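Biologist: Hey, I've got a protein open on my screen and I'm a bit lost. Can you walk me through it?
Modeller: Sure, let's bring it up and start with one spot.

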Amino acid sequence: MATYSLTPDMVILDSNIITMDPNNPLAQAVAVNDGKFVAVGSNEDIKSLVGPKTLVTDLMGKTTLPGFIDSHTHVLSSGTRHVTEVDCDLRSLSDIKEALSSKASKTPEGEWVVGFKFDDTKTSEARFLNRQDLDQVSQSHPIMVAHQAGHVYFFNSKGLERAMFFDDSPNEQGGFLGRDKLTGNLNGMVYGRAIDRVLREVLPKPSTEDRRAGLELICKMFASTGITSVHDAMVSSEDLEIYQEFLEKGDLPIRAYLLMHRDHFNSLRDGGVRTGFGGDRLRIGGIKMVADGAISTRTAYLSEPYVGSEGERGLLIMGPEETDERVLEMHKSGFQVCIHANGDSAIDMVISAYEKAQKAFPRIDPRHRIEHCSLVTEEILQRMKKIGCLAVPFGSYVYYHGEKMGFYGEQRLERMFAHRSFIDAGINASGAADYPCSPLAPLVGIQSCVTREDTSGNIWGRSQAISVTEALKVYTINGAYASFEEEIKGSIEVGKLADMAILGADPNNVAPHEIKDIPVEMTIVGGETIHEV
């Protein structure tokens, strides 16, 4: 341990510290000053630094890890939705309709009732909502419900009318309107980019107070799981204003790397802003775009049809020409590009755009990302490695969405959520829940990566299982690398930010299927405790 001359603000003693530092993997104690680690070593080493004003915490053998990093999640928008919308994460359509009806009874006639987190395969009926279901809730309120994965939305008749979707409405590029197979009339389902106009022009915008309440709520939710840093995907200008307000007031408890919505690229570029602008608490990250649909709605764009489908391969939201053009523009302007691509065909298209951009305007280490990157091939892996492309795969999908895995088939699942393949190919893969699409707790994702076992005990894609140590790396130092911040966080090392998750047990020393149940007893950001039980 290097000699430290100042008295530390905080000292943690008697802990099982898993540092994620390959040069010093285990320690017993740390000292913190001015929000950074100033010493890491044995109890005896660190005790000698304690002064009269040092806050000393004896953890009595509990496990300390670097704070978890979620590299793709929806932070402020999800918090706001918890405040303003109906949580439809319920297990029957009747319960969902009752929850929506309750909201409608408190909403003035003619105003929108909006729900989120609906998941068809988790209901007893195991089917999508339709306009008739939602007409039973109300015919005097426009209603829209979002699938848990996004990308598919459900309207009642009043909602379709208010959104100006009619039986003779054409499909829009990158999206389409669901129709009854017999009559051809709208069934209330809206896919992909067909929703964009509604979200932008039709639905009421959350108030500033709603956004403030949402950010406060969601930060507490993340902190309770040991998360100290988030990469907030698809951030709007209104969201950015609230983030900055919280930062200025000292009310932003977790660190945020913002993946800005594609619509804000021109303004950021023209204002001289690019990836990396900001500080260690709030930073502008990459530009987020969407290439295809979702795994859990079975709209990811695949090279081969879904199991049991009538040749369906999913939905391509951006075509090759648009992808090439936008990537080139963003790459040339110095931005990290972060594109949602789940299916192998969509991923292939995105990689091609990255290759073309780098060839046209070579950059050192742009670290372009493929968000989700769910289904890969050996060729995809080789191309990603060659251009330094990062993968941000779902961590907990095998565990949480096991009932959907049959749509992909056992053979294909050996190449999905491919943490083993990414690691073996030397590709940085970081941890992501994509909340609200799956549970936000990193320990659920870590267990899923290790066991590849769903809630019913089924194993999906066994060959992609990784070790506990590898999974912890995915959710710590790999996440820091994905935001160009590996030099300041992601491991417990002298000089790095003092972000820690204190667990009630060591994930290496419990049964693999019990990792998700380990209690998070403290979460510390910059030496300040933001969660404690």
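Modeller: Let's begin with E470, which is partly exposed, with a relative accessible area of 22%. Keep in mind that this is a predicted model.
Biologist: Okay, which residue does E470 form a salt bridge with?
Modeller: Its partner is R420, and the closest N and O atoms of the two are 2.8 Å apart. E470 sits in helix α17 (residues 468–474) and R420 in helix α15 (residues 419–425), so this pair ties together parts that are 50 residues apart in sequence.
Biologist: Why would two side chains pair up like that?
Modeller: Side chains of opposite charge can pair when their charged atoms come close.
Biologist: How many salt bridges does the count come to?
Modeller: The count comes to 36 salt bridges. One of them joins the side chains of D133 and K97, at 3.8 Å from N to O. That pair also links distant parts of the chain: D133 belongs to helix α4 (residues 131–137) and K97 to helix α3 (residues 93–105), with their positions 36 residues apart in the numbering.
Biologist: Are D133 and K97 buried or exposed?
Modeller: D133 is buried, with a relative accessible area of 4%. K97 is buried as well, at 17%. The cut-off here is under 20% for buried.
Biologist: What about a pair within one helix?
Modeller: Try E245 and K249, whose side chains meet in a salt bridge at 3.7 Å, N to O. Both lie in helix α8 (residues 237–249), four residues apart, which is about one turn of the helix. E245 counts as buried at 17% relative accessibility, whereas K249 counts as exposed at 56%.
Biologist: Which residues are linked in a network of salt bridges?
Modeller: That would be R193, D196, R262, E322 and R326.
Biologist: Let's zoom out. How many helices and strands are there?
Modeller: The protein has 18 helices and 23 strands. Its radius of gyration is 23 Å, close to the 24 Å that the globule rule gives for 533 residues, so the protein is as compact as a globular protein of that length.
Biologist: And what does the C-alpha trace span?
Modeller: About 80 × 55 × 50 Å along the principal axes.
Biologist: What share of the residues is buried?
Modeller: Buried residues make up 58% of the 533. On the outside, the protein exposes about 21100 Å², and carbon and sulfur atoms supply 48% of that.
Biologist: What about contacts across the sequence?
Modeller: Take the contacts between residues at least 6 apart in sequence: 73% of them join residues at least 24 apart.
Biologist: Back to charges for a second. How many are positive and how many negative?
Modeller: There are 54 positive and 75 negative charges, and their mean positions are 3 Å apart.
Biologist: New topic: where is S296?
Modeller: S296 is in the loop between β17 (282–290) and α10 (320–332). S296 is buried, with a relative accessible area of just 1%.
Biologist: Which residues is S296 in contact with, leaving aside neighbours within four places in sequence?
Modeller: D120, H147, A149, Y397, H401 and K404.
Biologist: Can you show me another loop residue?
Modeller: A511 is in the loop between β21 (500–503) and β22 (520–525), and A511 counts as partly exposed at 27% relative accessibility. A511 and Q447 are 64 residues apart in sequence, and their C-alpha atoms are 9.7 Å apart in space.
Biologist: Cool. Now the backbone: which residues does a cis peptide bond join?
Modeller: Y435 and P436, with omega at about 15°. You'll find P436 in the loop between α15 and α16 (442–451).
Biologist: What is phi like at K117?
Modeller: K117 has a positive phi of about 70°, although it is not a glycine. K117 lies in strand β10 (residues 113–118) and is buried, at 8% relative accessible area.
Biologist: And A126, what's phi there?
Modeller: Phi of A126 is near 50°, which is a positive value in a residue other than glycine. A126 lies in the loop between β10 and α4, and at 48% relative accessibility A126 counts as partly exposed.
Biologist: Great, I'll go find those two on my screen.

Definitions and conventions: Residues are numbered from 1 along each chain as its sequence is written. Side-chain values use heavy atoms; hydrogens and water are left out. Helices (H or I, at least four residues) and strands (E, at least two) are DSSP runs, numbered from the N terminus. The radius of gyration is taken over C-alpha atoms; the globule rule is 2.2 Å times the number of residues to the power 0.38. Buried means under 20% relative accessible area, exposed over 50%, partly exposed in between (1.4 Å probe, protein chains only). Contact means heavy atoms within 4.5 Å. Accessible areas come from the Shrake-Rupley method with a 1.4 Å probe; for residues, only the protein chains shown count as cover. Lys and Arg count as positive and Asp and Glu as negative; His and the chain ends are not counted. The place of a charge is taken as NZ of Lys, CZ of Arg, CG of Asp or CD of Glu. A salt bridge is a side-chain nitrogen of Lys or Arg within 4 Å of a carboxyl oxygen of Asp or Glu.
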